[in-house]
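Reader: Please take a close look at one part of this model, and work outward from there to the elements around it. I would like one connected account.

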Amino acid sequence: MSRLLVLVIATTALIPTHGNNRPAPAEAIDTEIMGSEATDAGLTDGPVSPMSSSEPMVLFDFDGADTAQWSIENDGVMGGRSEGFVEVAGGTLVFTGEVVTEGGGFSSVRAALQTDISSYDGIELRVRGGGRTFELDVDDGTESRGREVNRRGPVPTSNSWETVRVPFASLEASAHGEPVRVDPLDRSAVKSIGVYIIDGQDGPFRLEVDWIRAYREAE
């Protein structure tokens with residue numbers, strides 16, 4: 001900092017005077033100081049992005065969210081008896097219900113989301129779920145032989161709030177529960193985000209979600 005002060009004093013002494021023998025406006029000196037500090041901080045010339053390259057993109061934060069945008073789908077579509085319910089309260093998505101493995105064994109909640117996350121590496125969620133493992137589903141509208149393709153990755157939980165990351169590379173594609181070979185996820189054409197409980201365990205469940213974001217791996 002002392003070296004910078006000396007440089008400013010020296011620069012001030014060399015600034016040409018105007019006809020009224022007053023030094024150039026102080027704004028010129030301030031500009032020099034800001035430029036030097038920016039260089040010392042490792043910044044570069046040109047436009048600067050308001051966020052770092054690893055800044056996450058918020059997809060849902062549930063503050064004032066409309067619960068109507070979230071819909072439940074249970075295994076009743078295939079003859080099962082599992083139940084699921086969803087509400088948004090106090091800035092948190094709460095997904096509750098009961099899984100009955102006989103005849104189906106799943107419940108899910110989903111929201112439409114038209115977005116381009118092609119510059120991100122995965123989805124992260126801040127969750128609390130009592131130790132059960134849920135699954136994140138990212139849908140880009142792909143179908144296989146006329147059947148909707150699910151792309152799911154595990155979301156383990158505990159009794160405490162935790163941030164869980166699901167890399168896009170870890171998503172496994174399936175259609176009606178059967179693995180399928182399809183093109184990689186089109187991150188530029190995501191249509192919806194869903195969460196499943198399909199862990200093979202009978203009984204009640206409760207998942208709380210604080211937020212859902214797209215993340216980039218640090219470079």
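Author: Leaving aside residues up to four places away in sequence, glycine 91 touches Asp61, Phe62, Asp63 and Asp210. The model is a predicted one, and what follows is a description of that prediction. Glycine 91 sits in the loop that links strand S3 (83–89) to strand S4 (92–99). With a relative accessible area of 13%, glycine 91 counts as buried, because the cut-off for that class is under 20%. One of its contacts can also be given as a distance: the C-alpha atoms of glycine 91 and aspartate 63 are 4.5 Å apart, although 28 residues separate the two in sequence.

Another of the residues touched by glycine 91 is phenylalanine 62. Phenylalanine 62 belongs to the loop between strand S1 (57–60) and S2. Its relative accessibility is 3%, so phenylalanine 62 is buried. The backbone at phenylalanine 62 has a phi near 65 degrees, which is positive in a residue that is not glycine. Most residues other than glycine have a negative phi. A second non-glycine residue with a positive phi is arginine 145, at about 55 degrees. Arginine 145 also lies in a loop, here between strand S8 (143–144) and strand S9 (147–148). Is arginine 145 buried or exposed? Arginine 145 is exposed, with a relative accessible area of 83%, whereas phenylalanine 62 is buried.

The loop that holds phenylalanine 62 leads to S2, and S2 leads to the sheet. S2 is part of an open sheet of seven strands, in the order S2-S5-S14-S7-S10-S12-S13, with antiparallel pairing. S2 and S13 are the edge strands, each pairing on one side only. Strands of a sheet pair through backbone hydrogen bonds.

Going through the sheet from the S2 edge, S2 and S5 are antiparallel and share five bridges. Within this pairing, tryptophan 70 stands opposite alanine 111 of S5. S5 is mostly covered, with seven of its nine residues buried. S5 is in turn joined to strand S14 (residues 190–197) by seven bridges, again antiparallel. One pair in this stretch is serine 108 and tyrosine 196, the latter being the bridge partner in S14.

On the other side of S14, the sheet continues with S7 and then S10. Strand S7 (residues 134–139) pairs with S10 in the antiparallel sense over four bridges. Phenylalanine 134 is opposite valine 155 of S10. Five of the six residues of S10 are buried, which means that S10 is largely enclosed by the rest of the structure. S10 also pairs with S12, antiparallel and over three bridges; there, serine 174 in S12 is the bridge partner of asparagine 150. S12 and S13 complete the order with an antiparallel pairing over two bridges, in which alanine 175 stands opposite glutamate 178 of S13.

Several of these strands return in the lining of the largest pocket. That pocket contains about 640 Å³ of space and has 25 lining residues. Strand S2 (70–74), strand S5 (107–115), strand S10 (150–155), strand S12 (172–175) and strand S13 (178–179) each contribute at least two residues to the lining. Which strand supplies the largest share of the lining? The largest share, four residues, comes from S10. The residues that lie nearest the pocket centre are Asn150, Arg152, His176, Gly177 and Tyr196. Two of these have already appeared as bridge partners: asparagine 150 is paired with serine 174, and tyrosine 196 with serine 108. Sorted by class, the lining comprises ten nonpolar, eight polar and seven charged residues.

As for the chain as a whole, there are two helices and 15 strands. Of its 219 residues, 37% count as buried, glycine 91 and phenylalanine 62 being among those classed in this way. The chain exposes about 12,900 Å², of which carbon and sulfur atoms supply 50%. Among contacts between residues at least 6 apart in sequence, 74% join residues at least 24 apart. The sequence separation of 28 between glycine 91 and aspartate 63, which touch, can be read against that last figure.

Note on methods: Residues are numbered from 1 along each chain as its sequence is written. This is a predicted model: local features need pLDDT of at least 70, side-chain atom pairs count only at pLDDT 80 or more; totals for chains, interfaces and linings use all residues. Side-chain values use heavy atoms; hydrogens and water are left out. Buried means under 20% relative accessible area, exposed over 50%, partly exposed in between (1.4 Å probe, protein chains only). Contact means heavy atoms within 4.5 Å. Accessible areas come from the Shrake-Rupley method with a 1.4 Å probe; for residues, only the protein chains shown count as cover. On a 1 Å grid over the protein atoms alone, a cavity is a set of points where a 1.4 Å probe fits but cannot get out, and a pocket is an open set with protein on both sides within 12 Å along at least five of seven lines; lining residues have an atom within 4 Å of a point. Grid points are joined across faces, edges and corners, and a volume is the space filled by probe spheres set on the points. Ala, Val, Leu, Ile, Met, Phe, Trp, Tyr, Cys and Pro count as nonpolar, Asp, Glu, Lys and Arg as charged, and the others, Gly among them, as polar. Two strands pair if DSSP finds at least two bridges between them.
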